[in-house]
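Here are my notes from going through this one, in numbered points so you can reply to each. Have the viewer open while you read.

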Amino acid sequence: MDIHNTNEDMVFDMVQAIFDEIQENGNPEKFCLCYQCRIDTVCFTLNRIEPNYIVSNRGFTRIDQTSIKHQQTEADISTLIYKGLRLVNHNLRPTAPHDGSQAGTVRTHHPVFDIPTISGRIFNGISFEPVVGVDVSLYCDGELVAMRNTNWQNPYTMVASTPGALSFWPAPIIASAPDIAKDFKFSLKINSPDYEPLNHFFNLSSISKFHNPQSYALNRTFKLPDLYLFPPGGEMDDETLL
């Protein structure tokens with residue numbers, strides 16, 4: 001299905017133009033203009049405007065870029081971009097390089113095993129409240145799993161802004177050839193002084209391909225069952241093999 005949100009193009013182009021203009025003018029306010037801050041500003045802006053979908057190139061030709069409505073949209077987007085730029089710079093991602101380079105995305109020309117995003121939730125087994133402030137580590141065959149890029153952390157610290165939720169996006173694993181089927185044995189490990197240790201085991205299967213998706217997609221997410229942590233001396237560890 002070929003559906004496209006034309007406002008994405010507009011926002012991407014305007015963010016690039018505004019950031020480049022600031023840089024060319026000497027950046028008097030000393031904003032960080034790195035790749036990650038540009039992408040974060042794009043996301044901030046797109047989350048605050050209505051999409052404008054088209055189905056084909058014919059739909060694109062019907063967009064009147066000289067209309068008053070289009071010009072007003074550009075003005076509104078420009079205002080949002082400047083607001084987003086300032087907010088992003090007040091909350092710089094600690095995991096991004098902020099030096100003009102891209103955020104360490106793994107790219108390869110070899111066939112790879114593409115591992116989907118892994119998500120789940122962890123609760124206090126006594127109060128059933130979401131767990132916060134606990135480090136969760138993802139392992140494969142006993143080794144800490146490398147992430148797709150630096151925006152995804154391993155270990156991951158459970159935070160209050162996304163109560164109880166965890167997510168990982170493992171880096172692709174290079175294969176010797178395409179069309180190889182392989183099972184990978186993963187485990188989540190939690191060691192916290194506030195809870196009994198937890199080890200949760202699960203398997204994921206993948207077939208090696210040359211195609212390596214570079215963007216996150218909800219329909220490519222492996223969902224874990226809800227997990228529960230118990231205070232020391234409470235329930236036994238939850239060790240599950242899927």
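1. Overall make-up. The protein has four helices and 13 strands, and keep in mind that this is a predicted model. Of its 242 residues, 38% are buried. If you take the contacts with a separation of 6 or more, 75% of them come from residues 24 or more positions apart.

2. Helix H4. Does the length of this helix add up, and what span should its 23 residues give? H4 runs over residues 68–90, and at 1.5 Å a residue it should span 33 Å. Its end C-alpha atoms are 34 Å apart, which agrees. The buried residues in H4 are His70, Ile77, Leu80, Ile81, Gly84, Leu85, Val88 and Asn89. As for what covers them, helix H1 (6–24) and helix H2 (35–46) are included. For the spacing of such a list, remember that an α-helix has 3.6 residues a turn, so residues three or four places apart point the same way.

3. Helix H2. This one has twelve residues and reaches 17 Å from first C-alpha to last, close to the 16 Å expected at 1.5 Å a residue. Its buried residues are Gln36, Cys37, Arg38, Asp40, Thr41, Val42, Phe44 and Thr45, and they pack against H1 and H4.

4. H1 on H2. The two helices pack at an angle of about 135 degrees, with axes 10 Å apart. That makes H1 oblique to H2, since only angles over 145 count as roughly antiparallel. The crossing of H1 past H2 is right-handed. On the H1 side, the residues in contact are Asn7, Glu8, Val11, Phe12, Val15, Gln16, Phe19, Asp20 and Gln23. They meet Cys37, Arg38, Ile39, Thr41, Val42, Thr45 and Leu46 in H2. By class, the residues of this contact between H1 and H2 are eight nonpolar, five polar and three charged.

5. H1 on H4. Here the axes come within 10 Å and cross at roughly 55 degrees, and H1 and H4 are therefore oblique to each other. H1 passes H4 in a right-handed crossing. H1 brings Met10, Val11, Met14, Val15, Ile18, Phe19 and Ile22 to the contact. H4 answers with His70, Thr73, Glu74, Ile77, Ser78, Ile81, Tyr82 and Leu85. The contact of H1 with H4 has eleven nonpolar, three polar and one charged residues. Val11, Val15 and Phe19 are worth selecting in your viewer, as they are listed in the contact of H1 with H2 and also in the contact of H1 with H4.

6. Asparagine 7. Is this residue of H1 buried or exposed? Asparagine 7 is found in helix H1, and it is buried because its relative accessible area is 8%, with the cut-off at under 20%. Leaving out residues up to four places away in sequence, Asparagine 7 touches Leu46, Ile49, Glu50, Pro51 and Asn52.

7. Glycine 120. This residue lies in strand E4 and is buried, with a relative accessible area of 4%. Not counting residues up to four places away in sequence, Glycine 120 touches Gly164, Ala165, Leu166, Lys223 and Leu224. Glycine 120 and threonine 221 are 101 residues apart in sequence, and their C-alpha atoms are 10.0 Å apart in space.

8. Backbone points to check. Which residues other than glycine have a positive phi? Asparagine 27 is one of them, with phi near 50 degrees. Asparagine 27 sits in the loop between H1 and H2 and, at 10% relative accessibility, counts as buried. Phenylalanine 128 is not a glycine either and has a positive phi of about 65 degrees. Phenylalanine 128 is in the loop between strand E4 (117–124) and strand E5 (135–140), and at 57% relative accessibility it counts as exposed.

9. A cis peptide. The bond from asparagine 154 to proline 155 is cis, with omega near 5 degrees. Proline 155 is found in the loop between strand E6 (143–144) and strand E7 (156–157).

Terms used
Residues numbered from 1 in each chain as written. Predicted model: local features only at pLDDT ≥ 70, side-chain atom pairs only at ≥ 80, totals over all residues. Heavy atoms only, no water. Expected span 1.5 Å × (residues − 1). Buried < 20%, exposed > 50% of the residue type's maximum accessible area, 1.4 Å probe, protein only. Contact = heavy atoms within 4.5 Å. Axes fitted to C-alpha atoms, helices over the stretch in contact; angles between N-to-C directions. Parallel < 35°, antiparallel > 145°, perpendicular 65-115°, else oblique. Left-handed = near helix turned anticlockwise from the far one by under 90°. Nonpolar A, V, L, I, M, F, W, Y, C, P; charged D, E, K, R; others polar.
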